[in-house]
Amino acid sequence: MSVLVYAENAGGKFKKSTFEVVSYARAIADQNNTSLCAVSIGNVSAEELQLLAKYGTDKILNVSNEKLKNFVNQAYASIIAGAAKNEGANIVVLSNSFSGRGLAPRVAVKLEAGLADGAVSLPDQSGGSFRVKKAAFSGKAFAIVELSSINKVISLTPNAYKIVEKDSTLLIEDFNPEINTGDFKAMIQEIVRSTDKVSLPDAEIVVSGGRGLKGPENWGMIEELADLLGAALACSKPVSDAGWRPHNEHVGQTGISISPNLYIAVGISGAIQHLAGVSSSKVIVVINKDPEAPFFKVADYGIVGDAFEIVPKLINAIKEYKASA
């Protein structure tokens, strides 16, 4: 028995969420006194693969194939399931990222495994059981899922588990499983990234704006605040619907669900649909001139006041702090 983790990459580079999920999988392997094997798919350099040794990976199955350079959902799922069978792994761990949400159920079906998606903590294996705490109801609640199947698949919510360094001796093996041509019926020909900035699902800090900013011409201060904090930009649904900001910045129930360490909401009232996509944030800061805004009920910190006065002061305070540091 061993644990297998899928090491997701973007353009041949591992993402922060990859190191989180490898650290999480390492902890599960330690719970079971077993080894950790990773599977990497795509053109990833040996130097990049070696990074996984810092987080406790004992072995990497490296799948390098030109056909798999871009993400192919069904083919990737087949390879991950094949790697699990090859290694005799009965626990498979993935990140609950955009691609991971599509992969996890497919891998579970192929392995006839129980699935816990959106895990937020390590499994409780006391008394011979296997219980996983996961986010439920769009992040508004938690559920405890018990997996009783022999094989188990877990997808970890990004930013839910800290990165833990644990050096290990790494063995890298080429893995060349048979690829079913039927897995390539739907292909991604090209990925065009809209920005080189921090992506919302991976961001540790997110700065978000709403209709309280009154128009797209006032977004400069939100962008400046985000740049100073190294944060990703987001917005509410009415803002993206009005064309003030691109739809790929829309967070909420019908947009992107996020779980950053810090979420700063500026001029957003906090409709239930918006809260559904951001309530997993560890710390929520709300800036709104309406003291009755629903967002204040779930905020960790709230500032009642005009965003056009508060945000510039916040920007200046951060600049002063950085200058003196």
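This passage looks at four helices in a predicted model, starting with a packed pair and moving on to helix 1 and helix 3.

Helix 5 (residues 220-229) and helix 8 (residues 307-324) make up the pair: their axes come within 10 Å and cross at roughly 25°. Angles under 35 degrees count as roughly parallel, so helix 5 and helix 8 fall in that class. The crossing itself is left-handed. On the helix 5 side, the contact is made by Met221, Glu224, Leu225, Leu228 and Leu229. Facing them from helix 8 are Ala307, Phe308, Val311, Pro312, Leu314, Ile315, Ile318, Lys319 and Lys322. Sorted by class, that contact comes out at 11 nonpolar and three charged residues, with no polar ones.

Helix 3 (residues 73-87) has 15 residues, which at 1.5 Å a residue should span 21 Å; the end C-alpha atoms sit 21 Å apart, so the numbers agree. Its buried residues are Ala75, Tyr76, Ala77, Ile79, Ile80, Ala81, Ala83 and Ala84. These buried residues pack against strand 1 (2-6), strand 4 (36-41), strand 5 (59-63) and strand 6 (89-95), as well as helix 4 (98-111). Just past the end of helix 3, glycine 88 adopts a positive phi of about 65°.

Helix 1 (residues 16-31) gets the length check too: 16 residues should span 22 Å, and the end C-alpha atoms are 23 Å apart, which agrees. Helix 1 is mostly covered, with 13 of its 16 residues buried. A positive phi turns up just after helix 1 as well, at asparagine 33, with a value of about 50°.

Key: Residues are numbered from 1 along each chain as its sequence is written. This is a predicted model: local features need pLDDT of at least 70, side-chain atom pairs count only at pLDDT 80 or more; totals for chains, interfaces and linings use all residues. Side-chain values use heavy atoms; hydrogens and water are left out. Axes are lines fitted to C-alpha atoms, for helices over the stretch in contact, and angles run from 0 to 180 degrees between N-to-C directions. Helices (H or I, at least four residues) and strands (E, at least two) are DSSP runs, numbered from the N terminus. Angles under 35 degrees count as roughly parallel, over 145 as roughly antiparallel, 65 to 115 as roughly perpendicular and the rest as oblique. A crossing is left-handed if the near helix is turned anticlockwise from the far one by less than a right angle, and right-handed if clockwise. Contact means heavy atoms within 4.5 Å. Ala, Val, Leu, Ile, Met, Phe, Trp, Tyr, Cys and Pro count as nonpolar, Asp, Glu, Lys and Arg as charged, and the others, Gly among them, as polar. The expected span of a helix is 1.5 Å times one less than its number of residues. Buried means under 20% relative accessible area, exposed over 50%, partly exposed in between (1.4 Å probe, protein chains only).
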